[in-house]
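Hi everyone, thanks for making time. I'd like to walk you through a structure that's probably new to most of you, so have a look at it while I talk.

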Amino acid sequence: MPVGRINRIVGGFYYISTEDGRTITAVPRGKLRRSDGIVVGDVVDYELTAPDQGVIEGVHPRRNLLKRPVVANITQVAVVFAHKNPDFNYLLIDRLLVMLAALHLPALLLFNKTDLVDEKTASENAQPYRRIGYTTLCTSTKSGQGREELLAALQKETTTLAGPSGVGKSALINMIVPGVKQPTGAVSAKIGRGRHTTREVRLLALPEGEGFLVDTPGFSQLDLDFISPAELAGCFPEFGAAEQECRFQGCFHDQEPDCGVKAAVAAGKIYPWRYENYLTFLAEVRSWEEQKRQRPRRTRDKGVGHDRRY
Ligand SMILES: Nc1nc2c(ncn2[C@@H]2O[C@H](COP(=O)(O)OP(=O)(O)OP(=O)(O)O)[C@@H](O)[C@H]2O)c(=O)[nH]1
Ligand SMILES: [Mg+2]
Ligand SMILES: [Zn+2]
């Protein structure tokens, strides 16, 4: 049976991207229809009933499910910041990277608006994350810089964008998928929230090669409330080797003596600001844990599920 990907749902009609790159419309078979369990991003089995119409016979198990926007089977998140206007900061970048690590979602880091800084500044801004091991690209939707590299990094992936308002997420979508006409600038800031919040979500097929871009950004809320203190260090990839040298198993790399992570910071192998950000997050996740102990009913479930706001 042919397999496709739901790219859009409108009024009971399901748009399926077929393996040969076409879109057909389909309706679910009886029992599937009642379960209303098909979302954008789902991989489905279908039968053709006409050249461009079909019936959905089944839904494949999901790798994950984002709740806002509702979209299944995301394989990576493009974390977008701007070199300036608005200025980035490493604490906010790290916060988003840590969240994604805890959700087991690979991150692609983009520094956009590269046209606003000189080459040296651009590479200095990106360098620490390259050194840590994140795939990090400098892009500009004005000059087109980084377009080819970005398109390559999106191949065979289903990517959603995340990042603060005004960094150029919509402009990047327009750059990669010309013709979708994402609203950019002040206008989108006004209609993005408030009245027009219930927007449909779509998977946009890449113009070259294979892969999809989600047209609606995710992860607007950035509380680390679903991360336990014990798993936090694991969200800093460069701590891995250093941790082997800690005297105590389960070391939090905080007050403990003979800590490999602190030694690596002192030796210049881990950036001091990364370690500082780790300590900031450690205090935060400890306080979330304390709150949950006092009010267990408020405990939120862990997962890709939440609307996370800045
Ligand atoms: N100089 C420069 N400006 C850019 C670039 N990319 C986007 N912009 C501008 O930055 C402003 C914000 O871009 P958007 O694409 O609307 O930003 P966004 O991230 O989608 O913002 P929200 O929808 O509010 O989350 C617009 O005025 C864009 O024209 C770039 O590469 N260079
Ligand atoms: Mg936008
Ligand atoms: Zn330690």
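Before I get to any strands, let me say what I mean by pairing: two strands pair if DSSP finds at least two bridges between them. Keep that in mind for β2, residues 13–17, and β3, which are joined by four bridges and run antiparallel. Four bridges join that couple, and the cut-off is at least two, so they count as a pair. One more thing up front: this is a predicted model.

Okay, the overview. The protein has 310 residues, and 48% of them count as buried. You'll find ten helices and 13 strands in there. Take the contacts between residues at least 6 apart in sequence: 69% of those join residues at least 24 apart.

Let's start with the barrel. Five strands make a closed barrel, in the order β1-β2-β3-β5-β4, and the pairing is mixed. From one strand to the next, the twist averages 50°.

Back to β2 and β3, then. They form a hairpin, with five residues between the two strands. In that turn sits Gly21, which has a positive phi of about 85°. Across the pair, Tyr14 stands opposite Ala26 in β3, and Tyr15 stands opposite Thr25.

Now look at β3 by itself, residues 23–28. Which residues are on its covered face, and which on the uncovered one? Ile24, Ala26 and Pro28 make up the covered face, while Thr23, Thr25 and Val27 are on the uncovered one. So, putting that with the hairpin, the residue opposite Tyr14 is Ala26, on the covered face, and the one opposite Tyr15 is Thr25, on the uncovered face.

β3 has another partner in the barrel as well. Strand β5, residues 53–59, runs parallel to β3, and four bridges join them. In β5, Val55 is the bridge partner of Val27.

Staying with the barrel for a moment, there's Glu47, in strand β4, residues 43–50. Is Glu47 buried, exposed or partly exposed? Its relative accessible area is 35%, so Glu47 is partly exposed. Have a look at what's around Glu47: apart from neighbours within four places in sequence, Glu47 is in contact with Met1, Pro2, Gln53, Gly54, Val55 and Glu57. Met1 is 46 residues away along the chain, yet the C-alpha atoms of Met1 and Glu47 are separated by 6.6 Å. And Val55, the bridge partner of Val27, turns up in that contact list too.

Right, on to the sheet. Six strands form an open sheet, ordered β10-β9-β8-β11-β13-β12, again with mixed pairing. The edges are β10, residues 135–138, and β12, residues 203–205, each of which pairs on one side only. On average, neighbouring strands here are turned by 25° against each other, ignoring direction. At the β12 edge, β12 pairs with β13, residues 212–214, in the antiparallel sense over three bridges. There, Leu204 stands opposite Leu213.

Two helices to point out on this sheet. Helix α3, residues 119–132, packs on it, touching β9 and β10, and its direction makes about 170° with that of β10. Helix α5, residues 169–176, packs on the sheet too, and touches β8, β9, β11, β12 and β13. The direction of α5 makes about 150° with that of β11.

Last stop, the zinc ion, ligand 3. Which atoms coordinate the zinc ion? They're SG of Cys246, SG of Cys251, ND1 of His253 and SG of Cys259, at 2.1 to 2.4 Å. An unreviewed UniProt entry lists Cys246, Cys251, His253 and Cys259 under "binding site". Along the sequence, the donor residues are spaced C-x4-C-x1-H-x5-C.

What about the geometry? The angles among the four donor atoms run from 102 to 117°, so the arrangement is tetrahedral. For reference, the ideal angle for four tetrahedral donors is 109.5 degrees.

Two of the donors deserve a closer look. Cys251 is found in the loop between α8, residues 239–243, and α9, residues 260–266, and His253 is in the loop between α8 and α9 as well. Cys251 has a relative accessible area of 10%, so it's buried. For His253 the value is 1%, so His253 is buried too. Not counting residues up to four places away in sequence, the residues that His253 touches include Cys246, Cys259, Tyr275 and Tyr278. With the same kind of neighbours left aside, Cys251 is in contact with Cys246, Glu256 and Cys259.

That's the tour, thanks for listening.

Terms used:
Residues numbered from 1 in each chain as written. Chains lettered and ligands numbered in written order. Predicted model: local features only at pLDDT ≥ 70, side-chain atom pairs only at ≥ 80, totals over all residues. Heavy atoms only, no water. UniProt positions renumbered as here; feature names shortened; annotations may be inferred. Buried < 20%, exposed > 50% of the residue type's maximum accessible area, 1.4 Å probe, protein only. Contact = heavy atoms within 4.5 Å. Donors = N, O, S within 2.8 Å, 3.2 Å for Na, K, Ca; no water. Tetrahedral: all angles 85-135°; square planar, octahedral: opposite > 155°, others 65-115°. Axes fitted to C-alpha atoms, helices over the stretch in contact; angles between N-to-C directions.
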